[in-house]
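Here are my notes from going through the model, point by point. Have it open next to you while you read.

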Amino acid sequence: MKIQDYCDTVDGALRLKIPLSTFCRGNIVTDDDGLKRQLDLLVRCGQGRVPLTICGEKGSGKDRIAQYAHEVSVRNGVPLIKMNCAYLTAEQQFVNLFGPAANKALGLLSRAAGGSLYIENVDLMPVHLQYQLVDFIRANIAEEKSIRFMVCFKEQAALHSGLSEEMASYFNTMVFDIPPLRKRPQDVLLLTFQQLQTIRQEYRLERKLSPEVMSAMLTYDWPGN
């Protein structure tokens with residue numbers, strides 16, 4: 001990738017040749033062909049109930065992909081409900097999902113009815129709870145207000161790590177594998193301009209980007225994004 005493919009240099013600072021909005025898909029900014037193909041597939045699958053597995057390194061944007069998948073689906077009129085297993089004990093996971101004994105309506109499975117439920121680090125969910133979740137899915141999949149489930153992993157190789165056979169089978173239906181930022185140098189440039197735009201709008205500060213700084217950023221390996 002060459003900086004001049006995307007930018008002109010004016011008074012020693014880079015300026016995008018094409019408006020940044022051209023590269024925006026909802027809250028995602030990209031010009032990576034592989035990522036764009038996967039985003040197009042999300043739009044085509046947005047009419048159904050196909051479960052979605054999102055794989056990617058830490059900081060690669062799994063939350064943003066989940067939000068986009070929800071926004072381009074027929075379920076976008078209902079809020080996207082999220083749960084991160086990494087911060088909850090097994091008991092807390094159960095109560096969050098199914099609700100307390102006194103009021104099941106408070107559980108995420110009730111609150112997400114007709115919409116989408118995004119479970120992060122689902123491999124950290126105890127196997128017995130995974131079975132209960134699969135049983136719930138099977139019992140409610142034909143319901144008009146059934147839930148579209150989305151789960152995430154740090155990497156595709158860990159897709160089946162810690163999962164029951166039923167859970168792995170269910171969430172292997174559609175896999176969205178986010179390429180790391182170091183493999184998307186053009187997105188490094190675009191995301192930098194997005195941040196400059198945010199700084200300009202939120203802090204009323206005008207900041208510019210030199211070719212030298214951008215070159216240094218493009219040679220960085222971006223471990224952990």
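1. Which residues do ring pairs link into a cluster? They are Phe94, Phe98 and Phe136. Before going further, keep in mind that this is a predicted model.

2. On aromatic contacts overall, the count comes to 6 aromatic pairs. A pair of aromatic rings is described by the distance of the centres and the angle of the planes. Take tyrosine 170 and phenylalanine 171: their centres sit 4.9 Å apart with 90° between the planes, and the pair is edge-to-face. Both tyrosine 170 and phenylalanine 171 are buried.

3. Tyrosine 220 and tryptophan 222 give another pair to look at. Their ring centres are 5.0 Å apart and the planes meet at 85°, so this one is edge-to-face, because an angle over 60 degrees counts as such. As for burial, tyrosine 220 has 47% relative accessibility and counts as partly exposed, whereas tryptophan 222 is buried at 19%. That value for tryptophan 222 is under the 20% cut-off, which means the buried label applies.

4. Now the cysteines. How many disulfides does the structure hold? The number is 0. Cysteine 24 is in no disulfide, and the nearest cysteine sulfur, that of cysteine 7, is 15 Å away. A disulfide needs the two sulfur atoms within 2.5 Å, so cysteine 24 does not pair up here. With 32% relative accessibility, cysteine 24 counts as partly exposed. Cysteine 45 is in no disulfide either; for this residue the nearest cysteine sulfur belongs to cysteine 55, 16 Å away.

5. A backbone point next. Most residues other than glycine have a negative phi. Asparagine 121 has a positive value, with phi near 55°. Where does asparagine 121 lie? You'll find asparagine 121 in the loop between strand 7 (116-120) and helix 5 (127-140). Asparagine 121 counts as buried, at 14% relative accessibility.

6. Arginine 204 also deserves a look, as its phi is positive, about 55°, although the residue is not a glycine. Arginine 204 is placed in the loop between helix 7 (185-203) and helix 8 (211-219). Is arginine 204 buried or exposed? The relative accessible area of arginine 204 is 68%, so this residue is exposed, the cut-off for that label being over 50%.

Key. Residues are numbered from 1 along each chain as its sequence is written. This is a predicted model: local features need pLDDT of at least 70, side-chain atom pairs count only at pLDDT 80 or more; totals for chains, interfaces and linings use all residues. Side-chain values use heavy atoms; hydrogens and water are left out. Rings of Phe, Tyr and Trp (its six-membered ring) pair if their centres lie within 6.5 Å; planes under 30 degrees apart count as stacked, over 60 as edge-to-face and the rest as tilted. Buried means under 20% relative accessible area, exposed over 50%, partly exposed in between (1.4 Å probe, protein chains only). Helices (H or I, at least four residues) and strands (E, at least two) are DSSP runs, numbered from the N terminus.
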